[in-house]
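User: I'm a first-year student and I'd like a close look at one part of this protein, the aromatic rings and what surrounds them. Could you walk me through it slowly and then connect it to the rest?

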Amino acid sequence: MILLNPGPVVLSRRVRRALGGPDLCHREPEFAALQHTIRRGLLQVYDLDPSRYAAVLLTGSGTAAMEAMVASLVPDGGTLAVIENGVYGERLSKIADIHGIAHAVFRAGWGAAIDLESLAAWLRGAREVTHLAVVHHETTTGRLNPVAAIGALCRERGIGLLVDGVSSFGAEALDFDGWGIAACAATANKCLHGVPGTSFVIARREALSSPGVRPRTLYLDLDSYCRAQDAGGTPFTQSVQSFYALAEALAEFHEEGGRPARQARYAALARQVRDGLKAMGIRPLLADGASSVVLHAYHLPDGIAYATLHDHLKARGFVIYSGQGGLAGTIFRVSTMGAIAAADMERFLAAFRALPPGRPIA
Ligand SMILES: *Cc1c(COP(=O)(O)O)cnc(C)c1O
């Protein structure tokens, strides 16, 4: 089965093989070495200096990393601004709400571009804001949000920038220093091609250690993970097999040319799919150039319900992804992450072409 959903992804043979590594206790030095390799490999994705940044590994899906980032890095008395233009921006607000963190929302429509002038004006009026959280690639619609420009606004006002990079880390550019990113949440099983189970936050070390701050959560407190991991340990059992897979996926990632090569590969596959679908009269949701290289959203073909399209393609070996919320009945999404190649996308387009013509949906 070829997975064209935004994670989990099709695994390479070597990553799948790594899953069957030796039994290993997470209190043994072999685990410490494995963990160290992964933490270093993650920082290398964006050439980050380990004395200034830390990769903090968690066992949980990408949402665990989002929640750990927000709950651990906005101090008591802090106020979080959240930018929402899709499901994941809304999830950031929900996390702040659950943890009782004061927050203010800058909202754009799902799929709409973030208007930077309005955002700047809004921030001028929101003097209490200490941190700002934004989704880099809003997977709801495929839109890539302008984190560089948002980071510049934050820097002017001394606001700490927290990024949900779950579906962009490893493929899209992220300039941690230049954009002033204090922390970025991400996961093993999207652009890095590992398996679900491990997620992580990359944070500035100075943002992590705030002595005397009472943690809001036991399991997702980044500072305690970071201290334990710096000492070669872990506060709780980690998903050892998922670590094996991530270490192998990172080795493969770096051997293949690192982040720029992965971005180029996704961009070529996404263009192939977009051009192929356009030639069949399928309209993309967003204008050319607005989407990430990771995922593009398309309007459903006339008269075809999502379930019909999904089942037709699945019977031919391809899993696509539906729209969420208000977009559920109108769009479908195609991700080009994972160990897939141009020939797979050619077969996908052929399967799409074999779709029987639509009837008006009752
Ligand atoms: C996938 C994703 C997440 C996390 O989803 P999980 O189901 O918890 O892995 C968070 N943010 C974005 C932008 C995503 O695409």
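Analyst: Let's begin with Tyr46, which counts as buried because its relative accessibility is 11%. Please keep in mind that this is a predicted model. Tyr46 sits in the loop between α2 (29–45) and β2 (53–59). Which ring does Tyr46 pair with? Its partner is Phe169, and the two rings meet edge-to-face, with 4.9 Å from centre to centre and 70° between the planes. Phe169 is in the loop between β8 (160–164) and α7 (176–179), so this pair links distant parts of the chain, 123 residues apart. Phe169 is buried as well, with a relative accessible area of 1%.

The pair also has company. Tyr46 and Phe169 belong to one aromatic cluster together with Tyr53, Phe176 and Phe200. Across the whole structure, a search finds 13 aromatic pairs.

Another of these pairs is formed by Phe332 and Phe352. Their ring centres are 5.6 Å apart and their planes are at 35°, so this pair is described as tilted. Phe332 belongs to strand β14, while Phe352 belongs to helix α13 (residues 342–353), so the pair ties together parts that are 20 residues apart in sequence. Are these two rings buried or exposed? Both Phe332 and Phe352 are buried.

Phe332 leads us nicely into a sheet. In β14, Phe332 is the bridge partner of Ser322. Strand β14 (residues 331–335) pairs with β13 over two bridges, in the antiparallel sense. As general background, strands of a sheet pair through backbone hydrogen bonds, either parallel or antiparallel. Here the open sheet has three strands in the order β11-β14-β13, with antiparallel pairing. The edges are taken by β11 (295–299) and β13 (321–322); each has a single partner strand, so one side of each is left without a neighbour in the sheet. A helix joins the picture too: α11 (residues 258–279) lies across β11 and β14, and runs at about 10° to β11.

Now for a loop. Thr217 lies between α8 (205–208) and α9 (222–230), and Thr217 counts as buried because its relative accessibility is 15%. What lies close to the polar side-chain atoms of this residue? The backbone nitrogen of Tyr219 is 3.3 Å from a polar atom of the Thr217 side chain, and the backbone nitrogen of Leu220 is 2.9 Å from a polar atom of that side chain. Leaving aside neighbours within four places in sequence, Thr217 is in contact with Ala71 and His99.

Finally, a word on the cysteines. A disulfide is a covalent bond between the sulfur atoms of two cysteines. How many disulfides does the structure hold? The count is zero. Why is Cys154 without one? The closest cysteine sulfur, in Cys184, is 14 Å from the sulfur of Cys154, which is too far for a bond. Cys184 is in no disulfide either, and the nearest cysteine sulfur to it, that of Cys191, is 11 Å away. Cys154 counts as buried at 1% relative accessibility, and Cys184 counts as buried at 0%.

Technical notes: Residues are numbered from 1 along each chain as its sequence is written. This is a predicted model: local features need pLDDT of at least 70, side-chain atom pairs count only at pLDDT 80 or more; totals for chains, interfaces and linings use all residues. Side-chain values use heavy atoms; hydrogens and water are left out. A disulfide is a pair of cysteine sulfur atoms within 2.5 Å. Buried means under 20% relative accessible area, exposed over 50%, partly exposed in between (1.4 Å probe, protein chains only). Two strands pair if DSSP finds at least two bridges between them. Helices (H or I, at least four residues) and strands (E, at least two) are DSSP runs, numbered from the N terminus. Contact means heavy atoms within 4.5 Å. Axes are lines fitted to C-alpha atoms, for helices over the stretch in contact, and angles run from 0 to 180 degrees between N-to-C directions. A polar contact is a pair of N or O atoms within 3.5 Å; within protein, one must be able to donate a hydrogen and the other to accept it, and residues adjacent in sequence count only if both atoms are side-chain atoms. Rings of Phe, Tyr and Trp (its six-membered ring) pair if their centres lie within 6.5 Å; planes under 30 degrees apart count as stacked, over 60 as edge-to-face and the rest as tilted.
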